[in-house]
Amino acid sequence: QSLGYGFVNYVDPKDAEKAINTLNGLRLQTKTIKVSYARPSSASIRDANLYVSGLPKTMTQKELEQLFSQYGRIITSRILVDQVTGMSRGVGFIRFDKRIEAEEAIKGLNGQKPPAATEPITVKFANNPSQKTNQAILSQLYHSPNRRYPAPLAQQAQRFRLDNLLNMAYGVKSRFPPMTIDGMTSLAGINIPGHAGTGWCIFVYNLAPDADESILWQMFGPFGAVTNVKVIRDFNTNKCKGFGFVTMTNYDEAAMAIASLNGYRLGDRVLQVSFKTNKTHKA
C-alpha cells in the first residue's frame, strides 16, 4: 500500500522547478499534495514524523503549526477531518526537518494542555506501516487467480484493481466493475490512430468551460505515465472549448484509462474518451 509519497528525477533543473511551481498545493480529490525538492536521506532526518491526538476540535492547521514551530522547522502538517462533516477528528501529524526536533517536541508537548484545550494532548512518533503487511497485500492482489486476459494488459488490470481496493486512485471510479472488462483491446480501438512519436494521444470530449489541465492530470495520472495534457481554450474568452488531449507513454495504460474513463461523469457532464484519430479536433 502506498505510503503517500514518491520521487521524480528530472534531467533539467528548470523542469523540476516548473513542476514544483505548477503542482505544489494541487488538490487531488480529498488531498492537497506537497511538491518540493527532495533532501538526501540521512539518519538525522529519518523518522521525524509525529502523531498528535486529543487536539481541540476547533484547532486549525495554522494553530497546530504555531504550537509546534517553537521546536524546529516543520516540513508538513495536517489535521484529519471527518469526510462527511468536514469537522476535525482531533488528530494530526507534524513532520519536522530533523528527528531531534521531533524528540524535543515530544518532551515539551506530550501530556500538556495547549491554549484553549480542556484535555492534555498525546504526542508520539508516528508508526510507519509494516513492510511485511504491505508485501502480503500486494502479493495477494497481484497474484490473484482471477486473471481474465493475457499479459501485459493483465498487469495493468491488476494494478487498476489494486487502486480500487485500496482507494488509491484519487477517487476516480470506473464505470466498469474491476476485473470484468473483457476484450480490452477492442474497446481501445485500433492502436495506430492514437500513436504519436512520444506516446499515445487520447482525446477527451465534453469538458466543462472552466476545466483546466489539473483536472486531466488528476483523472489520468492514476492509470500510468502521463507526459502531457492540454485543454483547448477559446482564443477570446480563454474558456475551455469542451475538449482536450492527454498523452500517455504506455499503450496498455492508455487503453485502460480510456476503457475506465469513457462515460465517466465529471460534475454534470458525461465524458467521451478515445484514442485521438486523424478526424479528431486538432489542437
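This passage looks at one helix, a set of aromatic contacts and one buried strand residue in a predicted model.

Helix H3 makes a good place to start. H3 runs over residues 99-109, and its buried residues are Glu101, Ala102, Ala105, Ile106 and Leu109. Looking down the axis of H3, these buried residues fall within an arc of 145°, so they line one face of the helix. Turn to the other side of H3 and the picture flips: Ile100 and Lys107 are exposed there. As for what the buried residues of H3 pack against, the list takes in strand E3 (49-53), helix H2 (61-68), strand E5 (88-96) and strand E6 (122-125). After H3 comes Gly111, with a positive phi near 85°.

Arg99, which falls within the 99-109 span of H3, brings in an aromatic ring. The charged end of Arg99 sits over the ring of Phe125, at 4.1 Å from the ring centre.

Rings also meet one another, and the structure holds 10 aromatic pairs. One of them joins Tyr51 and Phe93 in an edge-to-face arrangement, with 5.5 Å from centre to centre and 65° between the planes. Tyr51 belongs to strand E3 and Phe93 to strand E5, so this pair ties together parts that are 42 residues apart in sequence. Strands E3 and E5 have already come up, since both are among the elements that the buried residues of H3 pack against. The two partners differ in how much of them can be reached from outside. Phe93 has 18% relative accessibility and therefore counts as buried, the cut-off being under 20%. Tyr51, at 25%, counts as partly exposed. Elsewhere in the chain, ring pairs link Phe203, Tyr205, Phe243 and Phe245 into a cluster.

Strand E8 (residues 199-205) is home to Ile202. With a relative accessibility of 0%, Ile202 counts as buried. What does Ile202 touch, leaving aside residues up to four places away in sequence? The contacts of Ile202 include Phe220, Ala254 and Ile258, along with Gly244, Phe245, Val246 and Met248. Val273, Ser274, Phe275 and Lys276 also touch Ile202. Phe245 thus shows up in two settings, as a contact of Ile202 and as a member of the ring cluster. Met248 is another of the residues touching Ile202; Ile202 and Met248 are 46 residues apart along the chain, yet their C-alpha atoms are separated by 7.7 Å.

Methods. Residues are numbered from 1 along each chain as its sequence is written. This is a predicted model: local features need pLDDT of at least 70, side-chain atom pairs count only at pLDDT 80 or more; totals for chains, interfaces and linings use all residues. Side-chain values use heavy atoms; hydrogens and water are left out. Buried means under 20% relative accessible area, exposed over 50%, partly exposed in between (1.4 Å probe, protein chains only). Helices (H or I, at least four residues) and strands (E, at least two) are DSSP runs, numbered from the N terminus. The arc is that of the directions from the helix axis to the C-beta atoms. Contact means heavy atoms within 4.5 Å. Rings of Phe, Tyr and Trp (its six-membered ring) pair if their centres lie within 6.5 Å; planes under 30 degrees apart count as stacked, over 60 as edge-to-face and the rest as tilted. A charge sits over a ring if NZ of Lys or CZ of Arg is within 6 Å of the ring centre and within 35 degrees of the ring normal.
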